[in-house]
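Open the model in your viewer and get ready to select residues by number. This tour goes stop by stop.

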Amino acid sequence: MSFALTAIVSMLIVLGIMVLVHEFGHFAVAKFFGVRVEVFSIGFGKRLFGFRRGDTDYRLSLLPLGGYVKMAGENPGEARTGDPDEFASHPRWQRVLIGLAGPVANFILAFVLMTGLYMMHNEVENYLSGPAVTDFIPQDSPAGRAGLQAGDRIVRFDKDKNPTWEQVRMRAALDVNSSVPVTVERVVNGQTQTYNTQLYLTDSTHGGDFEIESIGLLPKEQNGPLGVRDVMPGNPADKAGLKTGDAIASINGQTVHSVSAVMAVLQQTQGKPVQIVAIRKAQTLNLTAQPIWGDDGTGRMGYRLGFHPAQAPFHVEQLPIAAAVRESFVFNRDNSGYILDVLKRLVTHRSNMQQLSGPIGIARETGEAVTMPGWQPLIALMSLISLNLGIFNLLPIPILDGGMILLLLIEGTLRRDLNQDFKERVYQVAFVMLILFAAFVMFNDVAKLNILSKLKP
């Protein structure tokens, strides 16, 4: 199956689960309060197939990117009969709870998914959860110009103190195109010294997926040399004599502990031959390789040697339920905070809207998660999507759950219903704005595709 097909199918399944859970939240609370639910739909538009049970038509509709629960008397422009099972006939506090139920269901799903993952099988690369110690730092990179050096331990990165590399990656993604305070500890002549600097996080992707390696901030992924899982026949590493099972200790005298460090060293040579110190069964070898310019397999161009690295050291966590619940809470709390921080930056124009992703971006992410070994990447991504969906729907925008709740709170404060014509106009304007926003995000997704980026000057 091609990656494109894998991405589309996985995206539709993941979003289908997210929407099903979200709409079931609305449905369950509405039924609990005795509201008549007329339609429970996964997808929008023309009904494809389904079944009717009681008052409800359960259906799958043509456009799969979303879904809805249609309750009697819910829409502002809809004629009302005053029946007690209509949505508008119920107290406002019940209608608020029905509106909250969808996002809360998404939050519960994210919490349950991560709790299950932490209990069953959670693979954690050691460097991600350990101290943020740097590997090779290119001197012509933003990190190098900020004075950072190999072996520095980051003790402060923006708001985070003593961060792990996972926290640094997430915080840096929020801080792109801005300068952040960084404090490192550095051992000089046997003495630990503190160094403060400002690091400018240049986003060279222009709205793509930002990586800290692009600014020369390379994590030290392991203490030992970089293992070689296999060598590509006919490539520079193969011609130089590198073999499967070898370990690369240094390139041009620079110790390396990750592929990112290898590529950073190669970029500085500008294609000149490099000296490799390799270790093979306790034997030290001195090899010479001529790097070639090409695709590293992910669409990024650069100088390369042509080998696949051994997996960085990792540990598997199978936590008891209490610890898994605690870790799941921390994961969801921290990521919810990051999502809210992104929204705040968008409102205050401190962040670029090109960073937002829509269906195409989600498809790319789900496709990559599905092709990775193990369940962890997919489960973690589903949790993040569920959090995003829950928070997005709580925004105080008419059409969304948060907008409906806001109008109900305003009516509760005024102790009277707002004019129906006024609410209908508000919903119409909000619908148009939401469609334009969705179109912008999808255009942004398309613009990020490699096939279009090649057409740019």
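Leaving aside its neighbours within four places in sequence, which residues is His90 in contact with? Select Phe33, Gly34, Val35, Pro84, Asp85 and Arg95 to see them. Keep in mind throughout that this is a predicted model.

**Stop 1: His90**

Stay on His90, in the loop between β2 (56-71) and α2. Is it buried or exposed? His90 counts as buried, because its relative accessibility is 9%. Now show the side chain of His90. It reaches the backbone oxygen of Phe33 at 3.4 Å.

**Stop 2: helix α1 and what follows**

Select residues 3-32, which make up helix α1. How far apart are the end C-alpha atoms of this helix? They are 43 Å apart. At 1.5 Å a residue, the 30 residues should span 44 Å, so the two values agree. Step past the helix to Gly34. Its phi is positive, near 85°. Gly34 is also one of the contacts of His90.

**Stop 3: aromatic rings**

Display the Phe, Tyr and Trp side chains. The structure holds 9 aromatic pairs. Zoom in on Phe33 and Trp93. Their rings are edge-to-face, 5.5 Å centre to centre, with 85° between the planes. Phe33 lies in the loop between α1 and β1 (37-53), while Trp93 belongs to helix α2 (residues 92-120), so this pair ties together parts that are 60 residues apart in sequence. Check the surface here. Phe33 counts as buried because its relative accessibility is 17%. Trp93 counts as exposed, at 52%.

Next, pick Phe51 and Tyr58. The ring centres are 5.1 Å apart and the planes meet at 20°, so this pair is stacked. Phe51 is partly exposed, at 46% relative accessibility. Tyr58 is partly exposed too, with a relative accessible area of 21%. Add Phe24, Phe27 and Phe40 to the selection. Ring pairs link these three with Phe51 and Tyr58 into a cluster.

**Stop 4: charges over rings**

Which ring does the charged end of Arg95 sit over? Select Phe87: the charged end of Arg95 is 6.0 Å from the centre of that ring. Arg95 is also among the contacts of His90 from the first stop. Then jump to Arg186. It lies over the face of Tyr195, at 4.8 Å from the ring centre.

**Stop 5: the sheet of β5, β4, β6 and β7**

Switch to a cartoon view. Here 4 strands form an open sheet in the order β5-β4-β6-β7, with antiparallel pairing. Which strands stand at the edges? They are β5 (160-161) and β7. Each has a single partner strand, so one side of each is left without a neighbour in the sheet.

Start at the β5 edge. Strand β4 (residues 153-157) pairs with β5 over 2 bridges, in the antiparallel sense. Phe157 has Asp160 in β5 as its bridge partner.

Cross to the other edge. Strand β6 (residues 179-188) pairs with strand β7 (residues 191-200) over 10 bridges, again antiparallel. Look for Val188, whose bridge partner in β7 is Gln191. The two strands form a hairpin with 2 residues between them. In that turn, Asn189 has a positive phi of about 55°.

**Stop 6: around strand β9**

Select residues 247-251, strand β9. Is it covered or open? β9 is mostly covered, with 4 of its 5 residues buried.

Now follow its partners. Strand β8 (residues 226-231) joins β9 through 2 bridges, running antiparallel. There, Gly227 stands opposite Ala247. Strand β11 (residues 274-280) joins β9 by 4 bridges, also antiparallel. Ala247 stands opposite Ile279 in β11. Strand β10 (residues 254-255) is joined to β9 by 2 bridges, antiparallel once more. Ile251 has Gln254 in β10 as its bridge partner. The hairpin of β9 and β10 has 2 residues between the strands, and Asn252 takes a positive phi near 55°.

**Stop 7: from β11 to β12**

Go back to Ile279. Its bridge partner in β12 is Thr284. How many bridges pair β11 with strand β12 (residues 283-289)? There are 7, in the antiparallel sense. Finish on Lys281. In the hairpin of β11 and β12, with 2 residues between the strands, Lys281 takes a positive phi near 50°.

Definitions and conventions: Residues are numbered from 1 along each chain as its sequence is written. This is a predicted model: local features need pLDDT of at least 70, side-chain atom pairs count only at pLDDT 80 or more; totals for chains, interfaces and linings use all residues. Side-chain values use heavy atoms; hydrogens and water are left out. The expected span of a helix is 1.5 Å times one less than its number of residues. Rings of Phe, Tyr and Trp (its six-membered ring) pair if their centres lie within 6.5 Å; planes under 30 degrees apart count as stacked, over 60 as edge-to-face and the rest as tilted. Buried means under 20% relative accessible area, exposed over 50%, partly exposed in between (1.4 Å probe, protein chains only). A charge sits over a ring if NZ of Lys or CZ of Arg is within 6 Å of the ring centre and within 35 degrees of the ring normal. Two strands pair if DSSP finds at least two bridges between them. A polar contact is a pair of N or O atoms within 3.5 Å; within protein, one must be able to donate a hydrogen and the other to accept it, and residues adjacent in sequence count only if both atoms are side-chain atoms. Contact means heavy atoms within 4.5 Å.
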